[in-house]
Amino acid sequence: MSQPPSPGPPDPDRPASPWEQPTAGPEPPSSRGYDPQQPPGQGPPQDQPQWGQQQPYHMYGPPRRPATNVLAVLSLVFAFVFAPAGIVLGHLAQRQLRTSGEAGGQLATWGLILSYIFTALGLLACCGWVALVAIGGNDGGTY
C-alpha cells in the first residue's frame with residue numbers, strides 16, 4: 001500500500017507522511033559544541049538533546065533499579081538464625097558488591113553488624129554457662 005508522492009512543494013502545516021521522502025532541512029549544528037562565530041553564552045540549551053540525538057525511551061515505565069544481591073539478604077537472615085554463617089555471607093556479599101554493581105550494600109553491612117553482635121553475645125553466654133558449671137560443680141568433694 002503505497003501512496004503517490006504529492007505534487008508541488010510540501011505544506012509546512014501538514015505533518016510529514018511516512019511514505020514521502022524526507023526533505024533536506026537546515027544544516028545540523030556542529031558536533032563540537034563550540035561555534036567560534038557565535039557569541040559566548042548563546043549555545044544550545046544543555047537540558048535538551050543535541051540535533052540527531054534521542055532521549056532514552058523506556059517502553060514499560062521508569063528504568064529499573066539494580067537487582068539486590070542474594071548473599072546480602074541471606075547475611076541479614078542468618079544474623080538471626082545462625083550468626084557465624086551471617087558473618088561469612090556478609091563478607092562474601094560485600095566482596096561481590098564491589099564488582100557486580102548490584103544493590104544491597106546496606107543489607108550486607110547490617111547483616112555483618114548484627115551477626116557480630118549476636119556471635120559475641122552467644123560466646124559470652126557460653127563462657128558464662130561454663131563458668132557457672134565450674135563454680136557450681138566445686139562443692140568441696142562430698143557427695
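**Three helices and one aromatic pair**

In helix α3, the buried residues are Ala108, Gly111, Leu112, Leu114 and Ser115. Their packing partners are α1 (70-81) and α2 (83-100). The model is a predicted one, and α3 is a convenient place to enter it.

Helix α3 covers residues 105-137, which is 33 residues. At 1.5 Å a residue, a helix of this length should span 48 Å, and the end C-alpha atoms of α3 are 48 Å apart, so expectation and model agree.

The protein as a whole contains 3 helices and 0 strands. Along the sequence the order of elements reads α-α-α. Of the 143 residues in the protein, 13% are buried. The exposed surface amounts to about 12,400 Å², and 63% of this area comes from carbon and sulfur atoms. Among contacts with a separation of 6 or more, 54% join residues that are 24 or more positions apart.

Confidence should be considered before any detail is read. The mean pLDDT of the protein is 79, with 56% of the residues at 70 or more. Among the elements, α1 has the highest mean pLDDT, at 97, and α3 the lowest, at 95. Where pLDDT is low, predicted coordinates should not be read in detail.

Next come the aromatic side chains. A search of the whole structure returns 1 aromatic pair. The partners are Phe80 and Phe118, with 5.5 Å from centre to centre and 55° between the planes, and the pair is classed as tilted. This pair links distant parts of the chain, since Phe80 belongs to helix α1 and Phe118 to helix α3, 38 residues apart. The angle is not over 60 degrees, the cut-off for edge-to-face, and not under 30, the cut-off for stacked, so the label is tilted.

How exposed are the two partners? Phe80 has a relative accessibility of 55% and therefore counts as exposed, the cut-off being over 50%. Phe118 has a relative accessible area of 31%, so Phe118 is partly exposed.

A further link between sequence and space involves Val70, a residue of helix α1. Val70 and Gly104 are separated by 34 residues in sequence, while their C-alpha atoms are 8.3 Å apart in space. Is Val70 buried or exposed? Val70 counts as exposed because its relative accessibility is 57%.

Taken together, helix α3 packs its buried residues against α1 and α2, and the Phe80 and Phe118 pair links α1 with α3.

Technical notes: Residues numbered from 1 in each chain as written. Predicted model: local features only at pLDDT ≥ 70, side-chain atom pairs only at ≥ 80, totals over all residues. Heavy atoms only, no water. Helix = DSSP H or I, 4+ residues; strand = E, 2+ residues; numbered from the N terminus. Expected span 1.5 Å × (residues − 1). Buried < 20%, exposed > 50% of the residue type's maximum accessible area, 1.4 Å probe, protein only. Contact = heavy atoms within 4.5 Å. Areas by Shrake-Rupley, 256 points an atom, 1.4 Å probe, with all protein chains shown as cover. Phe/Tyr/Trp six-rings, centres within 6.5 Å; stacked < 30°, edge-to-face > 60°. pLDDT = per-residue confidence, 0-100.
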